[in-house]
There are 4 protein chains.
Amino acid sequence: MSNRHLRYLVGAMLAVASTAPTTAHAQASKPAEDPHAKAMADVVLANHILADQGVVDGFGHVSIRDPADPNKFLMARSMAPELVTPADVLEHDLDGNTTAGPNVKLYLERFIHAEIYRARPDVMAIVHCHSPSLIPFAATGVALKPLYHMSSFLGPGVPVFEIHKAANGSTDMLVRNPELGKALAKSLGAHPAVLMRGHGAVIVGKDVQQAVFRAVYTQMNAQLQSQAMALGAKITYLDAEEAKKSEETNNGNIPRAWELWVRKVKQQK
Amino acid sequence: MSNRHLRYLVGAMLAVASTAPTTAHAQASKPAEDPHAKAMADVVLANHILADQGVVDGFGHVSIRDPADPNKFLMARSMAPELVTPADVLEHDLDGNTTAGPNVKLYLERFIHAEIYRARPDVMAIVHCHSPSLIPFAATGVALKPLYHMSSFLGPGVPVFEIHKAANGSTDMLVRNPELGKALAKSLGAHPAVLMRGHGAVIVGKDVQQAVFRAVYTQMNAQLQSQAMALGAKITYLDAEEAKKSEETNNGNIPRAWELWVRKVKQQK
Amino acid sequence: MSNRHLRYLVGAMLAVASTAPTTAHAQASKPAEDPHAKAMADVVLANHILADQGVVDGFGHVSIRDPADPNKFLMARSMAPELVTPADVLEHDLDGNTTAGPNVKLYLERFIHAEIYRARPDVMAIVHCHSPSLIPFAATGVALKPLYHMSSFLGPGVPVFEIHKAANGSTDMLVRNPELGKALAKSLGAHPAVLMRGHGAVIVGKDVQQAVFRAVYTQMNAQLQSQAMALGAKITYLDAEEAKKSEETNNGNIPRAWELWVRKVKQQK
Amino acid sequence: MSNRHLRYLVGAMLAVASTAPTTAHAQASKPAEDPHAKAMADVVLANHILADQGVVDGFGHVSIRDPADPNKFLMARSMAPELVTPADVLEHDLDGNTTAGPNVKLYLERFIHAEIYRARPDVMAIVHCHSPSLIPFAATGVALKPLYHMSSFLGPGVPVFEIHKAANGSTDMLVRNPELGKALAKSLGAHPAVLMRGHGAVIVGKDVQQAVFRAVYTQMNAQLQSQAMALGAKITYLDAEEAKKSEETNNGNIPRAWELWVRKVKQQK
């Protein structure tokens with residue numbers, strides 16, 4: 001009998017005598033009065049969704065810009081995304097500092113987030129991942145391009161960040177300081193995503209729903225593009241206008257996917 | 001403790017003292033007296049089955065022609081298929097209108113269904129999906145052909161709909177009006193399925209079981225055909241007579257798969 | 001609240017007050033006194049294992065030769081393997097007849113089993129499946145050969161049955177009569193498995209554990225061989241002596257896999 | 001109603017009246033005073049994690065060097081990894097002997113572990129597996145190289161063990177005696193992993209967490225390298241310095257993955 005099942009049963013017995021709301025997740029999906037509290041809860045949700053959708057494994061992270069202070073962002077301490085709880089979310093500043101004590105381990109690559117928030121005022125949420133389908137594109141430089149409308153946001157192309165050059169030839173592959181973060185942000189430019197050679201990718205959005213949506217469908221497009229390339233025939237990608245118009249339409253449908261993904265992670269609790 | 005688990009336990013305690021039937025699903029699988037009520041329940045079931053079988057993700061939809069009025073069809077409001085409940089199913093007319101109020105969001109692509117029902121009196125159910133294995137065929141135009149008997153209904157071939165041409169060069173990729181719906185229906189012709197370049201597919205049937213069966217095995221055939229092509233040797237597809245005879249036989253076995261798929265989605269409740 | 005969960009909870013409450021054994025599965029795994037009863041229970045188990053291991057979906061079947069009468073075999077009525085219960089298992093004779101009434105639907109392809117039991121006295125169990133990884137080999141005729149020791153039983157090669165020829169050019173792809181069953185058995189010869197072009201495969205064993213083991217690892221070898229061929233380098237397959245010696249050793253380890261597979265299907269009840 | 005669910009419910013009722021700790025797993029994750037007891041518990045955990053992560057199926061094994069005696073190691077008796085319990089873990093010496101009675105079946109390939117522990121004093125844990133993505137590399141000799149930083153420990157290359165030569169041309173493919181174990185250990189040399197042609201792989205580590213981490217990410221790198229090769233463009237692998245620096249950094253992050261993997265196997269109990 002695991003703790004998890006015990007909690008279910010004990011909780012159920014108590015809940016029978018009560019009509020009070022139950023989980024952090026349930027509360028997170030209600031309209032929150034406090035934007036900061038909502039953002040904190042959304043960081044937890046986004047971590048769980050990205051793990052459930054296979055975008056992250058034990059590694060990878062997601063952040064939200066602090067709605068009350070554009071020079072700060074909310075992100076978990078260094079831990080597996082699937083295990084993040086509200087108590088693990090810390091406020092980081094754009095130099096990568098937090099108010100947590102010296103015993104709290106932070107993500108070594110928090111400078112990815114800090115420097116993109118600094119360079120891109122339009123970005124309100126950031127995902128960093130090692131999605132399996134993206135690594136082969138990052139390792140070969142084969143151009144990732146949208147072959148179906150769910151991934152139309154990739155229309156402007158996806159640059160590839162080469163850390164070897166940015167680190168002057170000496171690197172452990174991690175974006176572990178502000179200089180490397182700035183170089184990555186420069187490589188990203190105005191794009192929605194950037195691949196990282198030998199490493200993974202970064203995907204950004206105007207809110208956390210869009211960043212997560214883009215992460216899921218960047219991964220899916222890479223998988224489908226690999227399969228289409230294997231068929232050995234010419235691929236017709238979305239042209240620039242198709243991609244632009246499609247992205248505008250899709251942005252209105254992101255809540256449909258988000259509602260599903262939230263429900264899925266709730267069902268696992 | 002999630003709401004879902006709470007519902008299980010509370011329900012169980014009440015049910016112990018009762019012998020009344022329980023879920024909408026259980027009722028749906030019993031012979032219903034009222035064909036309209038049965039069709040409503042089948043729309044819900046088909047949505048859940050298509051999600052469970054990986055044919056749809058957060059997007060895609062399925063409809064059934066109203067058994068009481070051939071100029072109407074039943075389909076959910078705009079939402080993820082996996083989350084559809086009986087309360088979400090709306091009656092649509094062949095112009096894409098419903099009696100739902102202005103605050104209810106409808107699928108933008110309901111004209112896929114409306115115009116196919118108008119053009120094809122034999123069609124009683126329609127699936128629209130973005131099945132991963134179909135996108136590469138839609139993007140390359142490589143002909144999808146049956147390489148095993150479960151997909152023999154593909155014998156007459158699968159046309160590819162090019163929305164760029166139908167929309168006179170300006171499109172967000174969606175079949176968002178009656179004209180585009182008519183063009184898609186024309187492309188489908190008398191076939192059981194049509195691929196949509198840069199988008200997905202539409203699969204039709206003489207009832208909802210057949211439409212869902214065909215959607216599952218169109219997806220499977222595409223996956224297996226990709227793998228067979230990768231082996232680099234000549235593929236022997238079913239010939240026209242094999243496909244025709246096999247399809248006739250298979251139509252008698254669809255209830256075997258349907259019974260399994262219904263059971264699987266019930267087990268998840 | 002589904003029936004399945006209700007059954008769990010009601011059952012649990014009753015079981016607390018009882019120490020009696022519970023499921024058919026639990027009984028099946030105990031040493032049974034009666035070989036016939038054990039074979040009946042093993043047919044159910046094998047169906048559930050093959051579904052759980054992805055060898056069969058809604059279609060496919062498995063049989064065991066009747067330990068009390070070599071001219072009879074035990075197999076379910078026509079239904080999805082995952083749903084088979086002890087009450088669904090029927091005794092068939094080698095002409096494909098059962099004592100079930102006319103309303104009981106039998107598998108159209110029961111002649112696969114009947115004619116192989118007739119032709120191969122050493123065979124005590126038979127699996128028929130549409131394993132996804134086998135279809136591409138069946139459709140191309142690319143030779144399936146063992147590239148790792150778990151599949152060493154494939155050393156003597158895997159023939160491909162061409163039903164078009166056996167049916168004199170007119171076929172619905174199914175082995176639906178004794179003549180086609182005899183032709184398939186002839187194609188199988190003394191091999192452990194035969195692929196069926198445009199259809200699937202048949203795998204046999206000296207007992208049900210071996211037949212199921214071979215079905216799982218035939219499927220796995222096909223998947224791995226496809227992947228190895230995609231690497232574009234020469235593949236070193238097991239040579240004839242390696243395959244023979246390896247198979248002898250592996251036959252002693254089949255109970256290790258069987259114990260695991262039984263446990264997995266029990267956990268899902 | 002299965003035994004497993006019955007155990008949950010009965011356990012829950014008892015647990016409500018108790019605050020005592022519950023599972024072996026929960027105890028295993030607490031800091032154990034006794035290193036030997038902790039190693040015993042870690043053998044169980046590692047078996048369950050490797051099964052959950054798809055590194056092993058019904059076959060494969062994992063061992064830990066006895067912290068109290070470097071000439072001994074802890075490993076389960078011959079059984080499926082997923083089913084191993086503390087009562088199944090036996091102390092083996094470097095000749096492959098245990099104190100278990102003659103009725104206890106041991107892994108035929110325990111000499112893999114014995115001879116590597118003898119040859120490599122730095123190795124404290126060993127995984128043997130048939131990971132699907134590794135078999136194609138073992139069968140072709142295509143060089144496995146790190147294409148992303150999680151697999152940077154593969155930088156020094158992965159040798160391939162050819163048992164045919166080591167066994168003088170007569171083999172059942174198993175490392176079933178000390179001589180073959182010594183030949184395998186020689187092939188491994190100072191590397192973190194060795195592929196076994198026609199069989200699988202062995203991965204070693206300075207502790208069980210590192211050995212399991214390396215097994216998971218060797219498998220993942222093979223899958224991603226296959227996909228990258230299929231894209232048909234030049235792959236940029238991590239260079240020697242990148243691999244070395246990355247590995248040093250990653251070694252500090254292994255506990256993050258381990259914590260997640262432990263949680264996942266606990267949730268399944």
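Me: How do I read disulfides in a model like this, and how many does a search of the whole structure find?

Reply: A disulfide is a pair of cysteine sulfur atoms within 2.5 Å. In chemical terms, it is a covalent bond between the sulfur atoms of two cysteines. Here, a search of the whole structure finds zero disulfides over all chains. Keep in mind that this is a predicted model, where local features need pLDDT of at least 70 and side-chain atom pairs count only at pLDDT 80 or more, while totals for chains, interfaces and linings use all residues. Residues are numbered from 1 along each chain as its sequence is written, chains are lettered from A and ligands numbered from 1 in the order in which they are written, and side-chain values use heavy atoms, with hydrogens and water left out.

Me: Is Cys129(A) buried or exposed?

Reply: The cut-offs come first: buried means under 20% relative accessible area, exposed over 50%, and partly exposed in between (1.4 Å probe, protein chains only). Cys129(A) counts as buried because its relative accessibility is 0%, and Cys129(B) counts as buried at 0% too. In chain A, buried residues make up 58% of the 269 residues.

Me: Thanks! How should I read a strand, and which strands pair with E1(A)?

Reply: Helices (H or I, at least four residues) and strands (E, at least two) are DSSP runs, numbered from the N terminus. Two strands pair if DSSP finds at least two bridges between them. Strand E1 of chain A (residues 61-65) pairs with strand E4 (residues 125-129) in the antiparallel sense over four bridges; Ser63(A) has Ile126(A) as its bridge partner in E4(A). Two bridges also join E1(A) to strand E2 (residues 72-76), again antiparallel, with Arg65(A) opposite Phe73(A). A hairpin through six residues joins E1(A) to E2(A).

Me: Which way do the residues of E1(A) point?

Reply: His61(A), Ser63(A) and Arg65(A) point one way, and Val62(A) and Ile64(A) the other way. Five of the five residues of E1(A) are buried.

Me: Now for a helix. What should the 12 residues of H9 in chain C span?

Reply: The expected span is 1.5 Å times one less than the number of residues. For H9(C), residues 240-251, that gives 16 Å, and the end C-alpha atoms are 17 Å apart, which agrees. At the N-terminal end, Asp239(C) acts as a cap, with a side-chain oxygen 3.1 Å from the backbone nitrogen of Glu241(C).

Me: Which residues of H9(C) are buried, and which are exposed on the other side?

Reply: An α-helix has 3.6 residues a turn, so residues three or four places apart point the same way. In H9(C), Glu242(C), Ala243(C), Ser246(C), Thr249(C) and Asn250(C) are buried. They are on the same side of H9(C) because they cover an arc of only 130° around the axis (taken from the directions from the helix axis to the C-beta atoms). On the other side, Ala240(C), Lys244(C) and Glu248(C) are exposed. The buried residues pack against helix H10 (254-267) of chain C together with helix H6 (163-166) of chain D, where contact means heavy atoms within 4.5 Å.

Me: Finally, what does Ser131(A) touch?

Reply: Ser131(A) is in the loop between E4 and helix H5 (135-140) of chain A. Not counting residues up to four places away in sequence, Ser131(A) touches Val55(A) and Gln219(A). Its side chain makes a polar contact of 3.2 Å with the side chain of Gln219(A). A polar contact is a pair of N or O atoms within 3.5 Å; within protein, one must be able to donate a hydrogen and the other to accept it, and residues adjacent in sequence count only if both atoms are side-chain atoms.
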